[in-house]
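Work through these short exercises with the structure open beside you. Try each task before you read its solution.

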Amino acid sequence: MTELRCRKSETLEGDNEEEEKQKESELETKPPDVEQVNGSSTAAADGSQQKDEGEVKGGQHEQEESSRAQSCVKAKGLSASVFLQRLVRVFFGCLASVACGMLYAVYLSTYHDRKFWFSTRQELEREITFQGGSGVYYYYYKRLIAAPSFERGFYELVVDNRTVSGQTINAVERLSLYPELITSFIYRVTGSQDFVEPIYFYIGAVLGLQAVYVTALFVCSWVMSGTWVAGMLAVAWYVINRADTTKVDHAIPLRDNWALPYFSWQVTALTGFLRNKIGSSTEMFCYLTMSATTFTFLLVWEHSHYVLFIQGFCLFLLDSFDLMADIHKVYLSSLFLAYMFQFQNTALLSSPLLSLLIGSVLASENCFQLGVGPLVARVMKLFLHFYLVFTSGITYSYLVKVSHMGAGHLDFILKFLEVKFGLNTTTDFVPNFLLCQESFQTPGQDLFLRLTQASVLPFYFLVLAVCLLSALQAIYRRLSGQPLCKTYSLENGGIGEKPEVVYHVFHTMLFGGLALMKYLWTPYVCMFTAFGVCSPDLWMTVFKWLKLKSIHPVVLSLILSTAVPTIICFSLWREFSPRVLAELSELQEFYDGDTVELMSWIKSQAPVAAVFAGSPQLLGAVKLCSGSAVTSLPLYSDINLLKRTEDTYQVYAMRSAEDIYKLLTAQKTNYVIIEESICSELTINKGCRIKDLLDISNGHIVYDKGEIYSFSKYGRFCHEIKMNYSPYTNYFTRVFWNRSYHVYKVNSVISFQY
C-alpha cells in the first residue's frame, strides 16, 4: 500500500510539471506587443533573473523528489518491519498454543495412569475404570476392532440385535458412534495393532482432542484480545478448574469429551469470522472451519443441536441489531448433512435449532431490517422481526408434531423444559430422574467458591459488566440511527461495538443463566475473563467512561492490560502449581474389588445368551466386560430406553414380587442385579434418590405436617428379596452376592413354595 501511494504521488507531481511546461511554451509562442518591443533591455534583465530563479526551483524539485524517494524507502522498510514483527508474534503465539495443548495432554495421560494405576492393571480392571456408563462406547470400539473387516463391523452396528434385549437397534444412530468408527478405521489402516494396544490408542485419541480443546480456547482468547498472554491465562484457569471444565478424568469415552473440542474450534472460527479487520481469504477460511466443525459437532453428540440452538439464538440477536452478516447457511447445511449421516434422524427435524433457522430465514426474506427512521419505528420493526421469527418457528414445530415426525421426542423435551424452569411440576419418573443428573442440575455454591478461589469469578463479573454496558450502548446507538464505527482504534474505547465481543457476552450469559451444563459454561468463563483482563480496549472503555485526564488513558490501558495478567499469572503459579504437580506425584488407589468380582462371575458363570437388568451405569460396564445383552443403556436422549430404565428401577420401589417379575420378564430378563448403594442410599438431597423418585411416580408418598413419608402395603423390593422368603423365592433365586451387589436369577418356571 505504501509503494502504491508513493507511485501515485509521483505521477500526480509529474503531471503538474508537464502542465507548467505547456503553459510556458504557450507564453513563448505568443507575438510580442508594443510594450515588449520598447522595453527590450528591461526584458533581457528580467530574463536573466527568471533563469536564475528557474535554476533554484529546479534544485528544489530535485530535493523534493529525493526526499519523496527516501520517504518511500522508509515506508517500505517500515511496512517490512511491521510485517516481520507480526510474523514473529504469530509464530510464537502458535508455538505457545500448541505447547500448551501438548503439555495438557501429557499431564492428563500421566494423571490418568497415576489415578487408576492403568499401566499395571489387567484388561478387565482397566475397562472398569470407564465410569458413569461410558464403557458401552468403548465396547463398540472393541467390537469394531475384533470384526473380520471394517465393513462387517459397521454392518453389525447398524443392525445390532446383541445389545438391547428383544430389540434390533441402529447403534451408530442411537449412540452417535462415529468417533468409534473413525478411530477404529484409523487403527486398522495405520497398522497400529502391531505396536499399540487398542485401549491405549483409544485413550490417546480422546486426550489428543483435549489438547485441541485447550488450543482452541487459547486461540480464541488470543484473537479477541490481540495478545497470546490471554491465551496462556485462559489455559491456566482451565487446568486449575479442571474438575468443573471436563469429565475426562473419570469417563473418557463420553460423547462430551469427543464433541466439545469441535465446538470450541467452531466458536473460535465464529469469533474470527465476526471480526471486521480480516481479509476475504481469512473470512473464507473461518467460514469453512465453522461449517466443518458444526457438522462434526452435530455428528458426534446427540445433545449438540440443543447447544447450537443457544448459539443460534445469540447470532439471531446480533443479526436483529444488524451487527453481523447472515450465516444461516452454515447451520442449515450442517443439519442436512448430519440428518443424512445419522440415517434420517427425526430428532433433528423436530429440534428447536431447525425451528429457529426456518423462522430466521423467513424473516430475512421479508427484509425486516432496522433501516432508517425514528427510534419508535426501529423498535417496532425489531418487535415485528421477533414476532415473525418465533411465530414461524412455533408453526413449524406444530406441523412436525401433527405429522408425527419426532412428535414424541418434541413432547418429551417440552415437558422436561417446563419442569426444569419451574413452569410446571410432574410426578413422572423420567423427567425428575433427568433433572437429578449432574449435567442438568443447577450448579451449587461450591462451584462459585472454587472459581472465586482461583480468581476467575471476580474478574469475570468485571469483564462481563464492562462489555455488557458497552454493548448496550452500541445497540442503543444502532436503534437510534447513529452509525457505528467500522474501524476500531484504541482511542475510541468502545469494546461493545465489536460484534465478536457482543456475541460472547450473549454466549456466556445464556449458558450461565440457563444453567444447562457447567462443563459448557466454565471453559468459556475462563476464556472470556482472560480476554477481558488482557484487552487494552476494555480498560480504555472504562477510562473513557471515567473521563480520565490526569494520565493519558491510552498509556494507562496498555500498562494495565500487561500488568494485571502478569500479577494474576504470578499469583496462580505461586498458589496452584504445587497442587497441580502434587497430583502427578501422588499415587492414588482406585480398585473396585466388588465390581471386578461381579464381572468375573458374569464372564465365567453366566450363559453367553443371558440378559441382565440393572442400573444403566452398571449395565454399561456389564456390556463392556462380558458382551452380554442388557435391558437398557446409559443413554438419556432416547425415550424408549428411559422407559425401560424406569421399569428396571422398579426393583427399588415398594412393589410386589409378582409386579416386578412381570416387568422383568417383559424385557426377557434372565438376571437382575441389585446394587446396595442404591437400595440403602443415604443422602442429604432425599428428593433425588432413586427410591424417592419411584415412590413419587408410583403414588407411594404421604404428606403429614410438612413431612414426606413413603407408604405402601408392600415392602421395598430390594430389601424384602434379601430375606429369602416366599413369594420372592418363587420368582427369583439368588446366584451371586458380595458387599455391593446381589444377583438374582429370574425363574423361568415359577415354583410356589411356602
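**Exercise 1.** Leave aside neighbours within four places in sequence, and find which residues are in contact with I602.

*Solution.* Note that this is a predicted model. Start at I602 and set aside its neighbours within four places in sequence. The contacts are then F612, V622, S626, S628 and I673.

**Exercise 2.** Which residues have the most contacts inside the largest nonpolar core, and which helix gives the most to this core?

*Solution.* First, take the core itself: the largest one has 161 residues. Next, pick out those with the most contacts inside it: Y140, C467, L598, M599, I602, F612 and I673. Then turn to the helices: α9, residues 198-225, gives the most, with 13 residues. Another core lies apart from this one. That core has 37 residues, including Y649, L693, I721 and Y731. In soluble globular proteins, nonpolar side chains tend to be buried together.

**Exercise 3.** Is N241 buried or exposed?

*Solution.* Locate N241 in the loop between α10 (228-240) and α11 (242-245). Its relative accessible area is 4%. The cut-off for buried is under 20%. So N241 is buried. Now list what N241 touches, not counting residues up to four places away in sequence: R450, L451, A454, V456 and C526.

**Exercise 4.** Classify M232 by its accessibility, then state how far its C-alpha atom is from that of A530.

*Solution.* M232 sits in helix α10. Its relative accessibility is 37%. That value falls between the cut-offs of 20% and 50%, so M232 counts as partly exposed. M232 and A530 are 298 residues apart along the chain. Their C-alpha atoms are separated by 8.5 Å.

Technical notes:
Residues numbered from 1 in each chain as written. Predicted model: local features only at pLDDT ≥ 70, side-chain atom pairs only at ≥ 80, totals over all residues. Heavy atoms only, no water. Core = buried A, V, L, I, M, F, W, Y, C linked by side-chain atoms within 4.5 Å. Buried < 20%, exposed > 50% of the residue type's maximum accessible area, 1.4 Å probe, protein only. Helix = DSSP H or I, 4+ residues; strand = E, 2+ residues; numbered from the N terminus. Contact = heavy atoms within 4.5 Å.
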